[in-house]
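Trainee: Hi, do you have a minute to go through this one with me? I'd like to begin with the ligand and then look at charged pairs.

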Amino acid sequence: MPFTLRAADGSDRSLTDDTMASLAARMRGPLIRDTDPGYEAERQIWNAMISRRPALIAQCSGTADVTTSVRFAADHGLLVSVRGGGHNIAGSALCDGGLMIDLSRMRAVHVDAGQRLAHVQGGALLGDVDHECQAHGLAVPTGINSTTGIGGLALGGGYGWLSRAFGHTVDNLLGAEVVTADGLLRRASATENPDLFWAIRGGGGNFGVVTEFTFRLHPVGPMILCGPVVHALEDAPTVLRAYREAVATLPDAATCWVVIRKAPPLPFLAPEHHGRPVVILVMVHAGPIEDATRVLAPLRGIGRPLGDGVGPNSYAGWQAAFDPLLTPGARNYWKSHDFSTFSDALIDHILSAIQNLPTDECEVFMAHLGGVAGRADPGAMAYAHRATQFTMNVHGRWQQPDQDQSCRGWVRSLYEKTAPLSEGSVYINFVPEAGETRSKGTFGANEPRLRRIKGQVDPANMFRANVQIQPEA
Ligand SMILES: Cc1cc2nc3c(=O)[nH]c(=O)nc-3n(C[C@H](O)[C@H](O)[C@H](O)COP(=O)(O)OP(=O)(O)OC[C@H]3O[C@@H](n4cnc5c(N)ncnc54)[C@H](O)[C@@H]3O)c2cc1C
């Protein structure tokens with residue numbers, strides 16, 4: 001019985017039993033067809049809004065399986081997607097009818113503490129990385145949710161609590177092993193395939209499958225001072241203006257993000273505040289605890305908080321602190337802008353939107369960037385947006401399909417109202433749908449070079465299930 005897969009050109013490919021058996025014989029990990037028991041569980045990703053169905057999932061056990069899968073896709077001209085941690089908001093891990101190259105069995109992390117290096121397989125989650133690195137009191141800057149995949153996060157840029165102190169994830173990427181569209185395994189670093197190395201540091205999954213990353217590590221923790229300070233929404237205009245003043249003079253070791261949402265049942269917050277809209281200043285100091293109390297004091301001293309949950313926490317534990325708010329299986333729609341300033345007009349728009357939260361899970365996140373990450377040369381690698389001081393992510397999150405319209409509408413409304421205040425760029429990892437255009441796009445002035453490199457390493461555009469970089473002919 002022939003097995004049908006979608007080709008990259010949109011037509012169908014019928015593959016014989018012998019062809020499929022020969023693929024299975026060359027793989028160590030399982031091949032799962034869309035008719036197999038267990039398929040539904042294996043195609044699940046974080047965002048329940050996305051329901052694309054790959055015809056075949058190749059669960060790779062290692063680099064050899066990835067090479068085999070890519071060659072198979074190239075030989076048969078198949079539509080391909082690559083799954084790391086499955087967190088991409090647009091669901092780019094999934095393709096309809098094609099081959100999904102699934103890295104979720106490739107999560108090994110090896111730390112060379114002496115050299116301060118981490119070798120991380122392409123399907124590892126952030127929690128895997130922190131777990132191994134923190135055993136040595138070391139860390140690589142990543143994101144704020146322990147179940148996000150390092151693959152998509154690192155290839156897009158990767159920012160979180162340590163970005164101001166040590167740069168983004170891409171700034172700490174020293175090398176990678178990449179299976180390119182021709183099925184060859186290439187080493188990419190400053191000295192080997194330097195163009196490819198430049199491109200994968202911010203160009204997303206457009207250039208091949210990364211089977212292993214090598215990151216530079218920094219001493220962090222194991223205990224750091226961090227946590228949330230919660231304010232009443234009525235105080236928000238004053239609190240946010242004071243916040244803006246306080247972060248302007250923060251040292252690189254510290255960061256403070258703003259989350260505006262209905263209060264979760266935080267243990268240090270009196271029960272009468274749970275479920276009410278609040279402004280949360282979430283602060284982290286990456287350096288020694290002795291310095292941290294003094295550095296964070298101006299932020300903790302703002303106004304009259306409803307509760308202060310700042311204290312010493314293990315770094316690895318803190319990296320999972322937001323996990324309960326970001327569990328998989330909900331319906332999600334995000335829109336994001338980059339800002340160089342947190343203006344009064346921006347504050348007013350956000351606070352107005354918070355009056356009409358469509359569900360208890362919707363929220364506005366304002367990441368505080370700059371610091372070491374902000375001082376890097378925008379042309380040094382594909383990741384371009386170094387002037388960004390704040391990135392707003394409007395998180396629409398809900399459970400029922402009949403809330404799709406109201407929640408998406410709420411997100412889009414705030415996104416559109418704040419667009420004139422933004423820098424006109426967007427972080428590649430926060431783009432929820434294909435085809436959107438902005439004045440400075442996702443790659444800024446780096447786009448022409450990215451297109452040239454894409455034309456060299458993936459001229460037929462095998463790795464297209466991403467924010468697209470069109471190959472230059
Ligand atoms: C709950 C949540 C929290 C987040 N927090 C942060 C944050 O704090 N900071 C931040 O910067 N971002 C954050 N993000 C965004 C995140 O960086 C992106 O969603 C990213 O795409 C996730 O990568 P993934 O491997 O989990 O996703 P996937 O959906 O598996 O992959 C995303 C894309 O990357 C490609 N890809 C993944 N792995 C590889 C690989 N090894 N080789 C080649 N291509 C690969 C895939 O083809 C796909 O196109 C968050 C997302 C979620 C859902």
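**Ligand shell and salt bridges**

Mentor: Happy to! In this predicted model, helix α5 gives the largest share of the shell around the ligand, with four residues.

Trainee: How many residues surround the ligand, and which are the closest?

Mentor: The ligand is surrounded by 34 residues, and the closest are G84, G86, Y159, Y427 and N466.

Trainee: How do the shell residues divide into nonpolar, polar and charged?

Mentor: There are 15 nonpolar residues, 18 polar ones and one charged residue in the shell.

Trainee: What about the backbone, which oxygen or nitrogen distances should I look at?

Mentor: Start with G149, where a backbone N or O atom sits 2.8 Å from a ligand oxygen. A polar backbone atom of G122 is 3.2 Å from a nitrogen atom of the ligand. Then there is A465, with a polar backbone atom 3.3 Å from an oxygen of the ligand.

Trainee: How much of the ligand's accessible area does the protein cover?

Mentor: On its own the ligand has 940 Å² of accessible area, and the protein covers 97% of that.

Trainee: And which elements give two or more residues to the shell?

Mentor: Those are β5 (80-83), α5 (150-156) and β12 (209-216).

Trainee: Switching topic: how many salt bridges does the structure hold?

Mentor: It holds 23 salt bridges. One of them pairs D404 with R331, with the closest N and O atoms 2.8 Å apart.

Trainee: Where do D404 and R331 lie?

Mentor: D404 is in helix α13 (residues 404-418) and R331 is in strand β19 (residues 331-339), so this pair ties together parts that are 73 residues apart in sequence.

Trainee: Are those two buried or exposed?

Mentor: D404 counts as buried because its relative accessible area is 18%, under the 20% cut-off. R331 is buried too, at 15% relative accessibility.

Trainee: Which residues do salt bridges with shared partners join into one network?

Mentor: That network is made of K335, R408, R412, E416 and E433.

Trainee: What about R300, which residue is its partner?

Mentor: R300 forms a salt bridge with D308, and their closest N and O atoms are 3.0 Å apart. R300 is partly exposed at 26% relative accessibility, and D308 is partly exposed at 34%.

Trainee: One last pair: how far apart are R6 and D12, N to O?

Mentor: Their side chains meet in a salt bridge at 3.8 Å, N to O. R6 is partly exposed, with 32% relative accessibility, whereas D12 counts as exposed at 53%.

Conventions
Residues numbered from 1 in each chain as written. Predicted model: local features only at pLDDT ≥ 70, side-chain atom pairs only at ≥ 80, totals over all residues. Heavy atoms only, no water. Near = heavy atom within 4 Å. Polar contact = N/O pair within 3.5 Å; in protein donor to acceptor, adjacent residues only side chain to side chain. Areas by Shrake-Rupley, 256 points an atom, 1.4 Å probe, with all protein chains shown as cover. Nonpolar A, V, L, I, M, F, W, Y, C, P; charged D, E, K, R; others polar. Salt bridge = Lys/Arg side-chain N within 4 Å of Asp/Glu carboxyl O. Buried < 20%, exposed > 50% of the residue type's maximum accessible area, 1.4 Å probe, protein only.
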